[in-house]
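Welcome, and please open your viewer. We will go from one selection to the next, and at each stop I will tell you what is there.

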Amino acid sequence: MTPMEPTREVSVQRVGAAQPQNDRIAAEVPVALVFNGISHAVMMATPADLEAFALGFALSEGLLASRAECRGIEVLQGAEGIEVQLEVASAAAARLKEQRRNLVGRTGCGLCGIDSLKQLDLAPAPLEPPAWVSRLSPATVLRAFAQLPALQPLNALTGAHHAAAWVTPEGQIVRVMEDVGRHNALDKLLGQRALDKQPFDDGFIIMSSRASYELVCKCARMGVPLLATISAPTTLAVDIARRAGLQLYGFCRGDQAVRYAP
């Protein structure tokens, strides 16, 4: 059986140490996402918060139009991996049959399983940012980043987990999700907000990663008005953020930040 533990203890030999020592490393296991009995994707992920992960993936990838289209989620542990079964509405099932793609997504992979360039969705609908976004200062964004390390227990153990955090307009972190994959961490955060029936425009997201185009697309699709990352964005991430009207920060470190869009 694949263990449902986010870390694993191993024996290591540190340079300069006389004896082997125990250390914690990040668990990375195959997680199959199954919709109405049909496998849609196999992702490599940290085996924690998998209900949130599956729902967040389905919503942020546009596979479900709303939280209401998901009727139930069940996590099943198997010998070769973990299966997350989602029962979805008939309308969603019909859309899935039209756009079905079987993929094996490596950690950090954004285009695995895309059959053709026509399947790329690089034009999310324009956002209507709430008024508080225009008043938000870079200092507020950086205040949130200063809180993040203390709220990453898995990364403190392993040094291998990304984090996605939900932040209030006042700069207070209220939820953090971790995963070995940055996309997965974001999907877990988005999925948990959907499970909690929380809005997506009453705060913003910070992440301990670079800003790839996929992260920007996922936020824009869900109506998140601002994304800030600790590392740099890509050109495509900036272009999509500007077209969508999503405020995008990068290089958020210490007292420094760069605003790229809009």
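Strands here are DSSP runs of E with at least two residues, and they are numbered from the N terminus. Keep in mind as you look around that this is a predicted model.

**Stop 1: threonine 7**

Begin by selecting residues 7-12, which form strand β1, and pick out threonine 7 within that strand. Is threonine 7 buried or exposed? Its relative accessible area is 10%, and a residue counts as buried under 20%, so threonine 7 is buried. Now show side chains: that of threonine 7 makes a polar contact with the side chain of arginine 24, at 3.1 Å. Leaving out residues up to four places away in sequence, threonine 7 also touches others, including Ile25, Ala27, Leu154 and His161.

**Stop 2: helix α4**

Next, select residues 138-147, helix α4. Which of its residues are buried? They are Thr140, Val141, Leu142, Ala144, Phe145 and Gln147. Add the strands β8 (162-167), β9 (173-179), β10, β11 (226-229), β12 and β13 to your view, and you will see what the buried residues of α4 pack against.

**Stop 3: arginine 193**

Move on to helix α6, residues 182-195, and select arginine 193 in that helix. Arginine 193 is buried, with a relative accessible area of 10%. Follow its side chain: one of its polar atoms lies 2.7 Å from the backbone oxygen of proline 199. Residues touching arginine 193, apart from those up to four places away in sequence, are Trp166, Gln198, Pro199, Phe200 and Asp202.

**Stop 4: serine 212**

Now find the loop between β10 (204-207) and α7, where serine 212 sits. This serine 212 is buried too, at a relative accessible area of 2%. Its side chain makes a polar contact with the side chain of glutamate 214, at 2.7 Å. Try drawing a C-alpha to C-alpha distance from serine 212 to histidine 183: the two are 29 residues apart in sequence and 9.1 Å apart in space. Not counting residues up to four places away in sequence, serine 212 touches Arg182, His183, Thr234 and Ala237.

**Stop 5: helices α7 and α8**

Two packed helices are described by the angle between their axes and the distance between the axes. Select residues 213-222 for helix α7 and residues 235-244 for helix α8; they pack at an angle of about 20 degrees, with axes 8 Å apart. That angle makes α7 roughly parallel to α8. Their crossing is right-handed. Which residues make the contact? From α7 come Tyr213, Val216, Cys217 and Ala220, and from α8 come Leu236, Ala237, Ile240, Ala241 and Ala244. By class, this contact has nine nonpolar residues, with no polar and no charged ones.

Stay with α8 for a moment: its buried residues are Ala237, Val238, Ile240, Ala241 and Ala244. Among the elements that cover them are α7, β12 (247-253) and β13 (256-261). Just after α8, select glycine 245, which takes a positive phi of about 80 degrees.

**Stop 6: helices α1 and α7**

For the last stop, keep α7 on screen and add helix α1, residues 50-60: the two axes come within 9 Å and cross at roughly 85 degrees. This crossing makes α1 roughly perpendicular to α7. To see the contact, select Phe57, Leu59 and Ser60 of α1 together with Lys218, Arg221 and Met222 of α7. By class, the contact of α1 with α7 has three nonpolar, one polar and two charged residues.

Key: Residues numbered from 1 in each chain as written. Predicted model: local features only at pLDDT ≥ 70, side-chain atom pairs only at ≥ 80, totals over all residues. Heavy atoms only, no water. Axes fitted to C-alpha atoms, helices over the stretch in contact; angles between N-to-C directions. Helix = DSSP H or I, 4+ residues; strand = E, 2+ residues; numbered from the N terminus. Parallel < 35°, antiparallel > 145°, perpendicular 65-115°, else oblique. Left-handed = near helix turned anticlockwise from the far one by under 90°. Contact = heavy atoms within 4.5 Å. Nonpolar A, V, L, I, M, F, W, Y, C, P; charged D, E, K, R; others polar. Buried < 20%, exposed > 50% of the residue type's maximum accessible area, 1.4 Å probe, protein only. Polar contact = N/O pair within 3.5 Å; in protein donor to acceptor, adjacent residues only side chain to side chain.
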